[in-house]
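Biologist: I'd like a close look at one spot in this model, please, starting from a single side chain and working outward through whatever it touches on. Take your time over it, and tell me how you get to each call.

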Amino acid sequence: MRTEFQFRSKKFNCTEQKDYFINPGCFGDDFSEWLIERLKNAGFQITSNPDQEDFGWYFTFLVQNVEHCVVVSSQPNEPEIGDRWVGWVERHLGFIGSILGGRKRGILPEAIQAVDSILTNSNEIRFIGWFDHA
């Protein structure tokens with residue numbers, strides 16, 4: 001199943017460092033908020049606020065009572081056509097499930113479809129692609 005995505009956009013911050021970034025260039029907070037708002041409007045329950053990893057941002061949402069996580073990171077490089085963003089959808093599991101590789105198993109197609117629909121239907125997002133987990 002294609003669970004990893006990339007796109008280009010000029011909408012989201014890739015230049016202004018925030019004092020709450022845990023690492024320089026840890027962009028993605030505004031994209032996460034943007035996607036959360038649209039998932040809520042589509043009827044999905046958001047189960048966590050956006051939070052940071054050392055490379056980007058993530059949040060969780062429910063699909064058929066199964067918790068999924070969206071992870072996103074920016075790769076600012078071409079402001080004239082839009083910076084490149086990469087991300088993926090995975091299952092949200094506890095520590096043991098995660099170390100046993102469970103995050104890549106049991107992802108519901110409806111979770112992918114929800115994120116894809118929002119990205120595809122936005123005029124602020126371009127060059128969307130989905131890929132299999134390598």
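Modeller: Let's start at Tyr 20, which is partly exposed, with a relative accessible area of 40%. Keep in mind that this is a predicted model. Exposed would need over 50% and buried under 20%, so Tyr 20 lands in between.

Now for its ring. Searching the whole structure turns up 15 aromatic pairs. In one of them, the ring centres of Tyr 20 and Trp 57 lie 6.3 Å apart with the planes at 85 degrees, so this pair is edge-to-face. It bridges distant parts of the chain: Tyr 20 sits in the loop between S1 and H1, while Trp 57 belongs to strand S4 (residues 57-63), 37 residues apart. Unlike partly exposed Tyr 20, Trp 57 is buried, at 6% relative accessibility.

Strand S4 has a further ring to offer. Phe 44 and Phe 61 have their ring centres 5.9 Å apart and their planes at 90 degrees, so they too are edge-to-face. Here Phe 44 comes from the loop between H1 and strand S2 (45-46), and Phe 61 from strand S4, 17 residues apart but still linking distant parts of the chain. Phe 61 is buried, with 0% relative accessibility, whereas Phe 44 is partly exposed at 22%. With the cut-off for buried set at under 20%, Phe 44 is not counted as buried. Elsewhere among the aromatics, one cluster takes in Phe 5, Phe 7, Phe 12, Phe 31, Trp 34, Trp 85 and Trp 130.

Back to the loop between S1 and H1, which also supplies a charged contact. Lys 11 makes a salt bridge with Glu 124, their closest N and O atoms being 3.7 Å apart. That ties the loop between strand S1 (2-9) and helix H1 (29-41), home of Lys 11, to the loop between helix H3 (109-120) and strand S7 (126-132), home of Glu 124, across 113 residues. Both partners are partly exposed: Lys 11 has a relative accessible area of 41%, and Glu 124 has 29%.

The count is two salt bridges. Glu 16 and Lys 18 form one of them, with the closest N and O atoms 3.5 Å apart. Again we have partly exposed side chains, Lys 18 at 27% relative accessibility and Glu 16 at 46%.

Cysteines next. Cys 14 is buried at 8% relative accessibility, and Cys 26 is buried at 1%. Still, the search comes back with zero disulfides.

Let's finish on H3, since Glu 124 lies in the loop between that helix and S7. H3 runs for twelve residues and spans 16 Å from first C-alpha to last, close to the 16 Å expected at 1.5 Å a residue. Its buried residues are Ala 111, Ile 112, Ala 114, Val 115, Ile 118 and Leu 119. They take up an arc of only 160 degrees around the axis, so they sit on the same side of H3. The spacing rule behind this kind of pattern: an α-helix has 3.6 residues a turn, so residues three or four places apart point the same way. And what do those buried residues of H3 pack against? S1, H1, S4, strand S5 (66-75), strand S6 (83-91) and S7. That brings us back to S4, the strand holding Trp 57, the ring partner of Tyr 20.

Conventions: Residues numbered from 1 in each chain as written. Predicted model: local features only at pLDDT ≥ 70, side-chain atom pairs only at ≥ 80, totals over all residues. Heavy atoms only, no water. Salt bridge = Lys/Arg side-chain N within 4 Å of Asp/Glu carboxyl O. Helix = DSSP H or I, 4+ residues; strand = E, 2+ residues; numbered from the N terminus. Buried < 20%, exposed > 50% of the residue type's maximum accessible area, 1.4 Å probe, protein only. Phe/Tyr/Trp six-rings, centres within 6.5 Å; stacked < 30°, edge-to-face > 60°. Disulfide = S-S within 2.5 Å. Expected span 1.5 Å × (residues − 1). Arc of directions from axis to C-beta. Contact = heavy atoms within 4.5 Å.
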